[in-house]
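Visitor: I have a model open and would like to learn how to read it. Where do we start?

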Amino acid sequence: MKYNRLGRAGLKVSELSFGAWITFGPQLDLAATKRTMRLAFDRGVNFFDNAEAYGGGEAERLMGAALKDFKRSDVVVSTKIYWGGKGPNDKGLNYKHLVEGTYAALERLDLDYVDLLYCHRPDDDTPIEETVRAMDFLLRSGSAFYWGTSEWSAEQIEGAHRAAKELGAAPPTMEQPEYNLFNRDKIEREFAPLYERYRMGTTTWSPLASGILSGKYDQGIPKGSRLDRVEWLREYLTPDKVAKTKKLAVVARELECTTAQLAIAWCLKNPNVSSVILGASNEKQLEENLGAAAVRDRLSDDVRKSIEALCA
Ligand SMILES: NC(=O)c1ccc[n+]([C@@H]2O[C@H](COP(=O)([O-])OP(=O)(O)OC[C@H]3O[C@@H](n4cnc5c(N)ncnc54)[C@H](OP(=O)(O)O)[C@@H]3O)[C@@H](O)[C@H]2O)c1
């Protein structure tokens, strides 16, 4: 496993990490959470991703309980604030919710601090200066070490840097965007100037587009799979994506790996990706997906270009 600096930060994150969205709770109970986190850690993963919104806080409780078996300094833990509840001040990036949401998340995780704290979405209803001041406060008071954004535009990230400079506050260090063979634009084009200008780090999500890129939906929606369980995700399963995934499977066979491993290894080839956050609903999937690190070196530039052409 390779460890990358998170952008300009001195912090090192494993190139593959493990996240809790949708799985921790409904699919992975405490025993399974412990087993999967241990498996990931034993294979070199040091970064575990979470959010206040995941399972209404249950994902943080489970991760916190599993973290009892680890030395705190061995792991990098994140959470994300935005969707904290139904009240008028339980949502968004206003000062009150950022601080109260972070304190509540820390309580559920049973941690004194998270390493990485994200603003889970941009918030047009809050002035950027207010958000930057709140994140700066949380860093200075020790609740988090680095702050970042998730699914912000390049323009919004630039705005945060400008505000931080004017206020003498800590700027964002990393962004968490979706990145997979079906969604490349933000990471590859929109964010391109930010890597040089700010040495922005990225922790990317849904490397398998919710499992579609594993090929599991090639013959329809299997019972119990994510798209069977989560109705709103089904709109992302299009005939075009299924056709592309089938073509990827041919390349994967030639490289003697699985389609999922090929799709994840492709993400790892991008030098602007600090860590690819894996999702898995059981140990078998996680084991397979962790194998992508070994597949990365089989992807020559020619192979990479040919898969990109297949998925264009
Ligand atoms: N910042 C954000 O807004 C944001 C948004 C989404 C995710 N994230 C983060 O990114 C992490 C990963 O995202 P993701 O879960 O969407 O990743 P993903 O890899 O695109 O999808 C993971 C899902 O695909 C299926 N799967 C995984 N490996 C498989 C395999 N080898 N064979 C067959 N099926 C397989 C499993 O679902 P089933 O078994 O249930 O079918 C698994 O839960 C999340 O946990 C979260 O931490 C962040």
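Guide: We will go through a helix, a loop, the ligand shell and one tyrosine. Keep in mind that this is a predicted model.

Visitor: Take the helix. How many residues does α4 have, and how far does it reach?

Guide: Helix α4 covers residues 128-140 and has 13 residues. From its first C-alpha to its last it reaches 18 Å. That is close to the 18 Å expected at 1.5 Å a residue.

Visitor: Which residues of α4 are buried?

Guide: A residue is buried if 20 or more other C-beta atoms lie within 10 Å of its own. In α4, T131, V132, A134, M135 and L138 are buried. They lie on the same side of α4, because they cover an arc of only 160 degrees around the axis.

Visitor: What covers the buried residues of α4?

Guide: The cover includes helix α3, strand β6 (114-119), strand β7 (144-149) and helix α5 (154-167).

Visitor: And what follows α4?

Guide: G142 follows α4, and its phi is positive, near 90 degrees.

Visitor: How should I read the sign of phi in general?

Guide: Most residues other than glycine have a negative phi. Now look at the loop between β9 (201-204) and α8 (226-229), where S206 lies. S206 is not a glycine, yet its phi is positive, about 55 degrees. A209 is in the loop between β9 and α8 as well. A209 has a positive phi of about 50 degrees, although it is not a glycine.

Visitor: Is S206 buried or exposed? And A209?

Guide: Count the neighbours. S206 has 23 C-beta neighbours inside 10 Å, so it counts as buried. A209 has 21 inside 10 Å, so A209 counts as buried.

Visitor: On to the ligand. How many residues surround it, and which are the closest?

Guide: The ligand is surrounded by 28 residues. The closest are G19, W205, L208, G211 and G279. Two elements give two or more residues to this shell: β10 (275-278) and α11 (283-290). The largest share, 3 residues, comes from α11.

Visitor: What is the make-up of the shell by class?

Guide: The shell has 10 nonpolar, 13 polar and 5 charged residues.

Visitor: Last, the tyrosine. Where is Y103, and is Y103 buried or exposed?

Guide: Y103 sits in helix α3, residues 95-109. A residue with 12 or fewer other C-beta atoms within 10 Å is exposed. Y103 has 11, so Y103 is exposed.

Visitor: How far apart are Y103 and Y113?

Guide: They are 10 residues apart in sequence. In space, Y103 and Y113 are 9.1 Å apart, C-alpha to C-alpha.

Technical notes
Residues numbered from 1 in each chain as written. Predicted model: local features only at pLDDT ≥ 70, side-chain atom pairs only at ≥ 80, totals over all residues. Helix = DSSP H or I, 4+ residues; strand = E, 2+ residues; numbered from the N terminus. Near = placed C-beta within 6 Å. Nonpolar A, V, L, I, M, F, W, Y, C, P; charged D, E, K, R; others polar. Expected span 1.5 Å × (residues − 1). Arc of directions from axis to C-beta. Contact = placed C-beta atoms within 7 Å.
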